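Student: I would like a close look at a single part of this protein, namely its largest pocket. Please describe the lining first, and then set the pocket in the context of the surrounding structure.

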Amino acid sequence: MISFNVPPTLGKELTYIEEAIRSHKICGDGEFTKKCSKWIEHKTGTAKALLTTSCTHATELAAILANIKPGDEVIMPSYTFVSTADAFVLRGAKAVFVDIRPDTMNIDETLIEDAITEKTKAIVPVHYAGVSCEMDTIMDIAARHSLYVIEDAAQGVMSSYKGQALGTIGDFGCYSFHETKNYSMGEGGALLIKDCSNIERAEIIREKGTNRSKFFRGEIDKYTWVDAGSSYLPSELNAAYLWAQLECSDIIYKDRMNSWNLYFEQLKDLENEGFIELPVIPKGCVHNAHMFYIKTKNLQERTDLIFYLKGKNIISVFHYIPLHSAPAGKRLGEFRGTDHYTTTESERILRLPLYYGVTPEVVEYVASEIYKFYKK
Ligand SMILES: Cc1ncc(COP(=O)(O)O)c(C=O)c1O
């Protein structure tokens, strides 16, 4: 059976985990966490990267830093993972869903302004499949209405928009290192902070409301409880696993990109003949080959294709059920404007096997079976 995803391993993971064990430092913020955070800062140019236990937690941390309160409204697409909304509704805010663009599946930046009220506090662009939202427009709207921008860049590590790394354009950026992501630590993530004035508070919230980070750096002689906080720092064991991948990030990037390009080449004719649609990468966006999807004509055709591919030992999967149609979304959110594309486009998406190390033979086999399905 051809898996949809295989978590990446580059070879040094066990060695580094053993190193952490031998150094008797397996809790958070040891040498491997430092290496990973520095890597993110160096690669992206962000003022500060804090490794977290997940992207969900990075977004929660961002919501606290943005002082999101009960009654606030936060604008986001409905076509996203639950965590995008969870982080804000946990603080009592309402998730305000806006329609997506059919080309990238990202929030339609031209509809955001109509969804803003006096209660709006933040915009959360989600960079679907590692392809950037239209950030110039979004940042301009946010500046004119004094709103925070919190980028859900869970899928956007090593992607950029007009030369800027995703996650560094808004006030805060949230990365995921979940096992399904390009670079992984099992469960994990990172918060990227643009404004240096937010760093100290972020460190405190991440460390149970204490100034322990300052204490470890030798800046104070004892640490104490200074604010409300939580525990968002991952174990060194997870960071050791991640370091084995980040130090080989270019190898992973190239390998995934080759597979993505091969899918695109192999399926281009089917698109030209009008059977399917392929992903669109707008000008100025550099993506990271996080995902390769096709769009079928409709839900029925997608269901038939999933079934057909399964019969050929290929696992292909659909993606998000729009949040506004989910029980919690109905209770805790509101779709503002018209759902022109969110539901219909979400029903057409089919994701194909793509992971570090997938061979050209597998990609060609999957593409050839999709051909056979349409040409039968
Ligand atoms: C768009 C998006 N946001 C947030 C998350 C949550 O990431 P994590 O599992 O690291 O909490 C995911 C995970 O798949 C995601 O795709």
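Tutor: In this predicted model, the residues that line the largest pocket divide into 15 polar, 10 nonpolar and five charged. The lining comprises 30 residues, and those nearest the centre of the pocket are Phe81, Gln155, His178, Thr180 and Lys181. The space within the largest pocket amounts to about 520 Å³.

Among the helices, α3 and α4 each contribute at least two residues to this lining, and α3 gives the most, with three residues. Helix α4 merits separate attention. It spans residues 82–89, and because six of its eight residues are buried, the helix is largely enclosed by the rest of the structure. The buried positions are Ser83, Thr84, Ala85, Ala87, Phe88 and Val89. Their cover includes α3 (55–65) and α12 (327–332), together with the strands β2 (73–77), β3 (94–98) and β5 (148–152). Helix α3 therefore appears in two roles, since it covers buried residues of the largely enclosed α4 and also supplies residues to the lining of the largest pocket.

The nonpolar interior can be described next. In the largest nonpolar core, which has 74 residues, Phe177, Leu267 and Ile294 touch the most other members. Helix α10 (residues 249–272) gives the most to this core, with eight residues. Another core, of 33 residues, lies apart from it, and Ala85 of the buried α4 set is one of its members; Cys55, Ile64 and Ala202 are also among them. In soluble globular proteins, nonpolar side chains tend to be buried together.

The second largest pocket offers a useful comparison. Its volume is about 380 Å³, and of the 17 residues that line it, Asp29, Lys34, Lys48, Glu203 and Arg217 are the closest to its centre. This lining divides into 10 charged, four nonpolar and three polar residues. The elements α2 (31–44), β1 (48–52), α7 (199–206) and α8 (212–216) each supply at least two of these residues, with α2 giving the most, at five.

A final point concerns the cysteines. The structure holds zero disulfides. The sulfur of cysteine 248 lies 12 Å from the closest cysteine sulfur, in cysteine 36, which is too far for a bond. Cysteine 285 is likewise in no disulfide, the nearest cysteine sulfur being that of cysteine 133, 8.8 Å away. Cysteine 248 is buried, with a relative accessible area of 18%, and cysteine 285 is buried at 11%.

Notes: Residues are numbered from 1 along each chain as its sequence is written. This is a predicted model: local features need pLDDT of at least 70, side-chain atom pairs count only at pLDDT 80 or more; totals for chains, interfaces and linings use all residues. Side-chain values use heavy atoms; hydrogens and water are left out. Buried means under 20% relative accessible area, exposed over 50%, partly exposed in between (1.4 Å probe, protein chains only). Helices (H or I, at least four residues) and strands (E, at least two) are DSSP runs, numbered from the N terminus. Contact means heavy atoms within 4.5 Å. A disulfide is a pair of cysteine sulfur atoms within 2.5 Å. A nonpolar core is a set of buried Ala, Val, Leu, Ile, Met, Phe, Trp, Tyr and Cys residues joined through side-chain atoms within 4.5 Å. On a 1 Å grid over the protein atoms alone, a cavity is a set of points where a 1.4 Å probe fits but cannot get out, and a pocket is an open set with protein on both sides within 12 Å along at least five of seven lines; lining residues have an atom within 4 Å of a point. Grid points are joined across faces, edges and corners, and a volume is the space filled by probe spheres set on the points. Ala, Val, Leu, Ile, Met, Phe, Trp, Tyr, Cys and Pro count as nonpolar, Asp, Glu, Lys and Arg as charged, and the others, Gly among them, as polar.
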